[in-house]
Amino acid sequence: MIDVQAIRDDPEAVGRALARRGIEAPLARVIELDAQRRKRLGEVEALKAERNRVSKAIAGMTDEATRAAEIERMRALGDQVEALDGEVRNIEANLDRLLSEVPNPPAADTPDGRSEEDNVVRRQVGEPGAPSFALAPHWDLGESLGLLDFERGVKISGSRFYVLRGAGARLERALIAWMLDLHVRQGYTECYLPFVVKEQTMYGAGQLPKFHENLYRDAEDDVWLVPTAEVPLTGMHAGEILDGSALPLRYTAYTPCFRREKMSAGRDVRGIKRGHQFDKVEMYAFCAPEHSDDELERMLADAEATCAGLGLVHRVKQLCAGDLGFSARKSYDVEVWAPAAGEWLEVSSVSNCGDFQARRSNIRYRPAGGGKARLVHTLNGSGLGLPRTLIAVLENYQQADGSVVVPDVLRPWMGGVDVVRRDV
């Protein structure tokens, strides 16, 4: 959540920053409600102070008539306090509702732009090679090898679902296991998380109320299926004051991810690029504000190392202000080359959220040298997202005979299978 103090101090600067996102936020209304809240709080505090003063004086009063009159006056004052407290709660609810819908202002070094077309390629590692045979797209390759079963996925669950079978399921599991082990070596602590979360956890991570229509919810138990491990990882330390000397805290976790994915007709309809359920390994960090820029670059390097370990050509894009996620102030996308489809696939988005999620989740830290608790900064990054990584592996490692070579780093999880053929 954006800091109301920043709006109070310089609403024009905040407005300009949000305009870079293409957002016209109701800042005037926020300032109005904030002023009303502070005025009512001042009135309430004055009445409570008066009540406390008179209550102490009543105990020493000897004149019964005066004492009774003051007691009656305090009852009336108590009704005023209760009414003002109700006004304050109502104002705060309206203020929180407005603030909860305002995205994170972009960092100063986030490039300007309106859409993904304006994102900036920062670097590319490797060059797509020229194939010596006709490449099959992953949906044909996967079906021919018995790895992908679209028909039964739809039969079980509906459109945009699929089944991974045999070596396909094993490749998916191998990718997850290898990525988790890699991130542990990179300094992250592995977590196994719940796949459902409470509404407050969704709110704290910035998913609610903005993305309500894109989330799956169980109404009976009032829990939400996770759209990404970022959500429960944010909630890990909600409401806590962390030890500053222990920062940064770095976590990694695998979860399935569930999203409604309101897709346009005809877009990404072939294969497993876009679906309602997919796997992802996440990296996450809590750090002191002065270190978050360096932490972002570190996390980006860790995501790139994952691509490099798989031998995939990849590139890094910095997102422009108009393409940032709701909670992010600065983001990079990592894309890998899928040669059969002839396109770059985003397999990681690495973001610095500043104190935006920490304010919503009330996550602070006590500086090592002492002093007032401060909000932490949070960062997240895919490390990597599936199934697009699986797509890239299948298309980049396919052979002229229709088989797929298993990347070296995945072979320990493949039970001796080095090459996937139709009979495996």
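How do the residues of the lining of the largest cavity divide into nonpolar, polar and charged? The legends below take that up in a predicted model, then move on to other spots.

**View 1. The largest cavity and its lining.** The structure holds one cavity of 30 Å³ or more, and about 30 Å³ of space lies inside the largest cavity. Two elements each give two or more residues to its lining: α1 (4-9) and α3 (27-59). The biggest share comes from α3, with four residues. Look for Val4, Ile7, Arg8, Val30, Ile31, Asp34 and Arg38 around the space. To settle the opening question, four of the lining residues are nonpolar, none is polar and three are charged.

**View 2. The two ends of helix α6.** Here we zoom in on α6, which covers residues 150-157. At the N-terminal end, Asp149 acts as the cap, with a side-chain oxygen 3.4 Å from the backbone nitrogen of Glu151. After the helix comes Gly158, and its phi is positive, near 110°.

**View 3. Cys257 in strand β9.** Cys257 sits in β9, the strand made of residues 249-258. Is Cys257 buried or exposed? Cys257 counts as buried because its relative accessible area is 0%, and the cut-off for buried is under 20%. Leaving out residues up to four places away in sequence, Cys257 touches Val226, Pro227 and Thr228, along with His276, Gln277, Phe278 and Lys280.

**View 4. Cys257 and Asp63, a pair to find together.** In sequence, 194 residues separate Cys257 and Asp63. In space, the two are 71 Å apart, going from C-alpha to C-alpha.

Key:
Residues are numbered from 1 along each chain as its sequence is written. This is a predicted model: local features need pLDDT of at least 70, side-chain atom pairs count only at pLDDT 80 or more; totals for chains, interfaces and linings use all residues. Side-chain values use heavy atoms; hydrogens and water are left out. A polar contact is a pair of N or O atoms within 3.5 Å; within protein, one must be able to donate a hydrogen and the other to accept it, and residues adjacent in sequence count only if both atoms are side-chain atoms. Buried means under 20% relative accessible area, exposed over 50%, partly exposed in between (1.4 Å probe, protein chains only). Contact means heavy atoms within 4.5 Å. On a 1 Å grid over the protein atoms alone, a cavity is a set of points where a 1.4 Å probe fits but cannot get out, and a pocket is an open set with protein on both sides within 12 Å along at least five of seven lines; lining residues have an atom within 4 Å of a point. Grid points are joined across faces, edges and corners, and a volume is the space filled by probe spheres set on the points. Ala, Val, Leu, Ile, Met, Phe, Trp, Tyr, Cys and Pro count as nonpolar, Asp, Glu, Lys and Arg as charged, and the others, Gly among them, as polar.
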